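The following exchange works through one protein model in questions and answers. Please look at the sequence and the structure before reading on.

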Amino acid sequence: MRLLNSIIALMIASKAMAFDASEAFVNAPANVFPLLDYNTRLDMVDYFNSGSSTASTNSLSGKSRITALSPDKVDIDMSDASDYSVFLLPDGKDGAIGVISTVATPVADSNLRMFTSDWSNDITSKSFTAPTLTDWLTPAGKKNIDEVEAIVPFMTTSYAYNPSTKTLTVTNNTESFLTSDVYDTVRDYLLNTLTYKWDGKRFTLSK
């Protein structure tokens, strides 16, 4: 009985250890992090854990490094123009993985993809719906939507996930894209941020 309990405990511990943000980052499919092979990712985790500031060379001969690491989240400085965050989410028994990619266009613009915990399925379509222009409108903006649509060709936004609150904050960066004098004409019509809350299955927009 003691041996059986030890084996069960070890299996539980192994499963818990496997679902860790650094493990998720290292074991991600090549198409999620095409610039970093498996061994390079391992090196990046080791460098960060050892307190080293050494950067790793990616497949484009650029420099990549981990900038923050916790059991629930890894932040990666992928290049001079791109950053990533990998984070874990509770989802039933197995959990889910989120990947935020942010590219300077030159204004920061983010994208979120969602996966099952073993990376086998892309579940973005059922886990998150990116905000549309109407989601950003203030009450005044809803009354002047034609003016907003004429001035704002598209929204540029950056995403940030907070593991402690399980919230995703989407920040409006459109002012930097349009310049302030142009943006001033619609400033009162657009919200500065949107907040999404993880409900165990998907991110839902907080009203």
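Lys and Arg count as positive and Asp and Glu as negative, while His and the chain ends are not counted; the place of a charge is taken as NZ of Lys, CZ of Arg, CG of Asp or CD of Glu. This is a predicted model, in which local features need pLDDT of at least 70 and side-chain atom pairs count only at pLDDT 80 or more, whereas totals for chains, interfaces and linings use all residues. Residues are numbered from 1 along each chain as its sequence is written, and side-chain values use heavy atoms, with hydrogens and water left out.

Q: How many Å apart are the mean positions of the positive and negative charges of the protein?
A: The protein carries 17 positive and 24 negative charges under the counting given above. Taking the mean position of each set, the separation is 9 Å.

Q: What percentage of the residues of the protein count as buried?
A: A residue is buried under 20% relative accessible area, exposed over 50%, and partly exposed in between, with a 1.4 Å probe and protein chains only. The accessible surface of the protein, from the Shrake-Rupley method, comes to about 11,400 Å², of which 54% belongs to carbon and sulfur atoms. Of the 207 residues, the share that counts as buried is 38%.

Q: In what order do the six strands of the open sheet lie?
A: Helices (H or I, at least four residues) and strands (E, at least two) are DSSP runs, numbered from the N terminus, and the protein has nine helices and ten strands. Two strands pair if DSSP finds at least two bridges between them. The edge strands will be named next, but the open sheet itself has antiparallel pairing and the order S1-S2-S3-S4-S5-S6.
The edge strands, each of which pairs on one side only, are S1 and S6.

Q: Which residue in S2 stands opposite serine 56?
A: S1 and S2 pair in the antiparallel sense over two bridges. Across this pairing, the residue that stands opposite serine 56 is serine 64.

Q: How many of the nine residues of strand S5 are buried?
A: Strand S5 (residues 96-104) has antiparallel partners in strand S4 (residues 82-89), joined to S5 by eight bridges, and in strand S6 (residues 108-116), joined to S5 by nine bridges. On the S4 side, serine 82 stands opposite valine 103, and on the S6 side serine 101 has asparagine 111 as its bridge partner. Strand S5 is mostly covered, and the number of its residues that are buried is seven.

Q: Which peptide bond in the protein, with omega near 5°, is cis?
A: Most residues other than glycine have a negative phi, and most peptide bonds are trans. A hairpin joins S5 to S6 through three residues, and proline 106 has its place in the loop between these two strands. The cis bond runs from threonine 105 to proline 106.

Q: Is serine 61 buried or exposed?
A: Serine 61 lies in the loop between strand S1 (56-57) and strand S2 (63-70), and its phi is near 70°, a positive value in a residue other than glycine. Because its relative accessibility is 62%, serine 61 counts as exposed.

Q: What is the relative accessible area of lysine 166?
A: In the loop between strand S7 (157-162) and strand S8 (167-172), lysine 166 also has a positive phi, near 55°. Lysine 166 is partly exposed, because its relative accessible area is 31%.

Q: Which side chain is joined to that of threonine 40 by a polar contact of 2.7 Å?
A: Threonine 40 is found in helix H3 (residues 38-49) and counts as buried because its relative accessibility is 13%. Not counting residues up to four places away in sequence, threonine 40 touches Ser56 and Thr57, a contact meaning heavy atoms within 4.5 Å. A polar contact is a pair of N or O atoms within 3.5 Å; within protein, one must be able to donate a hydrogen and the other to accept it, and residues adjacent in sequence count only if both atoms are side-chain atoms. The side chain joined to threonine 40 in this way is that of aspartate 37.

Q: Which residues does alanine 130 touch, not counting residues up to four places away in sequence?
A: Alanine 130 lies in the loop between helix H4 (124-127) and helix H5 (133-136), and is partly exposed, with a relative accessible area of 39%. Its C-alpha atom is separated by 8.4 Å from that of asparagine 111, 19 residues apart along the chain. The residues that alanine 130 touches are Tyr159 and Tyr196.

Notes. Accessible areas come from the Shrake-Rupley method with a 1.4 Å probe; for residues, only the protein chains shown count as cover.
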